[in-house]
Amino acid sequence: MRIRAATTAVVVLMAILGTAVVAASPAWSAPTCPVGSPGPGAALTGTPWPQLRYDLARLTPVADGHGVTVAVVDSGVDARHPQLAGAVVPGVDLLDGGDGRTDCVGHGTAVASIIAGRGVPAADRSPAAALFRGLAPGATILPVRVSEQTADGGSGTGRTVSPDAFAAAIRWAVDRGASVVNLSLVLHRDVPAVRAAVDYAVRHDVVLVAAVGNEHDRGDPVPYPAAYPGVVGVGAITSTGARLSASQVGPYVDLVAPGEAVPAAARVRGFARYTGTSFAAPFVAATAALIRQYRPGLSAAQVARRLTATADPAPGGSSDGYGAGVLNPYRAVTEALDLSSPASGVAAPPPAPRAAPAPSHQRALTLAGAGVTLALVVLVMGLVLPAGAARRWRPGKLGNHAT
């Protein structure tokens, strides 16, 4: 059943698209996209800089995401793209009906390729195509189509579902077996249904990764779902390691990843360069998939703590807008950590009340505050908390970052 977009819908895909050279498109039986939709992209001219940074030749033999399903809640995923052959399973289209394997704007296709681009079949392989690969090429993509919006300077155009339908999309992905959900989109208000859907995912042991938005020059409006407890909020950096100027700054930034001129799959075929936090988030989601494959015994909360605890320090000692630091996939997968120890520097706030959602700007307790409270309880009552007690999670900040 088609879900029509409410006129007050505020879901905005945070993309700033680069240029692409249009090439011929193969036939496809999916629903017809509007005239003027982006066409196929160009060939690559060199190895993408994030792949050089993350040394996939070293990482992929350790873990490739095989057996892990990553939901991409976005503009759909174009399953025609050679880089995504065999990677995309039927999902759901909440705009037009269907299975989500249609993308009229290319945003979700780019995100999916950063996560699980597989390379191309041998018969179609070219030197340019062979240069590209996703960070978790063995992962499975579950597409959930909710929007055709892109944002350039904060002005979104195109159809989108209502916030309530967006909340339903998150629940749908959880119920269909996704253990990681990528949310490269932003709401600028706290919607109870979305908050409840995030809580539902957290309680079902799903890693939620969300872009923090590209509106730093507009005062850093609080981005949801990135600002909710239990969601890993991702900012963007340039190839030099500097914070992308548009990448938002606030306590919802948990770590950063590549987000400037990132080569990724264009709609149908070829590649384009993409800029924004939308394209930083899938690097983190892909790393979560690698961890879930390599360390299947870890909970979603432990996966998220591992992401922040293994981040590299911000360059030059800067902390503004970097959260815990810069994503390091190899360390996140392989490094030995004691995630049960307070030394990991990760906050673990108590569950938020479900009947009365917290105000939109209210933040979770810090580790220090929680530690004092627990110490007082132990001192006065002589009780010991049971091991493994379920808690909601919010990544802590390592070093002298804003909180």
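1. Two strands are taken to pair if DSSP finds at least two bridges between them. In this predicted model, β3 and β5 meet that criterion, since six bridges join them and the two strands run parallel. One of the bridge partnerships sets V72 against P143 in β5.

2. The wider sheet is open and contains seven strands, ordered β4-β5-β3-β8-β10-β11-β12, with parallel pairing. Its edges are β4 and β12 (255–258), each of which pairs on one side only. At one edge, β4 is joined to β5 by two bridges, again in parallel, and V92 has V144 of β5 as its bridge partner. At the other edge, four bridges link β11 with β12, which also run parallel; here G235 stands opposite V256 in β12.

3. Helix α3 (residues 107–116) packs on this sheet, where it touches β3, β5 (140–145) and β8 (180–183). The direction of α3 makes about 160° with that of β3. Strand β5 is mostly covered, five of its six residues being buried.

4. R145 deserves separate comment. This residue lies in strand β5 and has a relative accessible area of 1%, so it is classed as buried. Its side chain makes a polar contact of 2.6 Å with the side chain of E148. Leaving aside residues up to four places away in sequence, R145 touches a set of residues that includes D74, S75, G76, V92, D93, D96, C104 and R159. R145 and G91 are 54 residues apart in sequence, yet their C-alpha atoms are 8.2 Å apart in space.

5. D78 is a second charged residue to inspect. It is placed in the loop between β3 (69–74) and β4 (92–93), and it counts as buried because its relative accessibility is 1%, where the cut-off for burial is under 20%. A polar atom of the D78 side chain lies 3.3 Å from the backbone nitrogen of V268. Beyond residues up to four places away in sequence, D78 touches L84, R101, D103, T109, R267 and V268.

6. The largest nonpolar core has 57 residues, of which I115, I141, V234 and V284 touch the most other members. Helix α6 (residues 281–294) gives the most to this core, contributing nine residues. With residues up to four places away in sequence not counted, the contacts of I141 are V70, V72, V77, A87, V88, V89, A112, I115 and A116. A second core, separate from this one, comprises 45 residues, among them V161, W172, V222 and Y228. In soluble globular proteins, nonpolar side chains tend to be buried together.

7. The geometry of helix α5 (residues 192–203) agrees with expectation: at 1.5 Å a residue, its 12 residues should span 16 Å, and its end C-alpha atoms are 16 Å apart. Within α5, the buried residues are V194, R195, A197, V198, D199, Y200 and A201. These buried residues pack against α4 (163–175), β10 (207–211) and β11 (231–237). Just after the helix, D205 takes a positive phi of about 65°.

Terms used: Residues are numbered from 1 along each chain as its sequence is written. This is a predicted model: local features need pLDDT of at least 70, side-chain atom pairs count only at pLDDT 80 or more; totals for chains, interfaces and linings use all residues. Side-chain values use heavy atoms; hydrogens and water are left out. A nonpolar core is a set of buried Ala, Val, Leu, Ile, Met, Phe, Trp, Tyr and Cys residues joined through side-chain atoms within 4.5 Å. Buried means under 20% relative accessible area, exposed over 50%, partly exposed in between (1.4 Å probe, protein chains only). Contact means heavy atoms within 4.5 Å. The expected span of a helix is 1.5 Å times one less than its number of residues. A polar contact is a pair of N or O atoms within 3.5 Å; within protein, one must be able to donate a hydrogen and the other to accept it, and residues adjacent in sequence count only if both atoms are side-chain atoms. Axes are lines fitted to C-alpha atoms, for helices over the stretch in contact, and angles run from 0 to 180 degrees between N-to-C directions.
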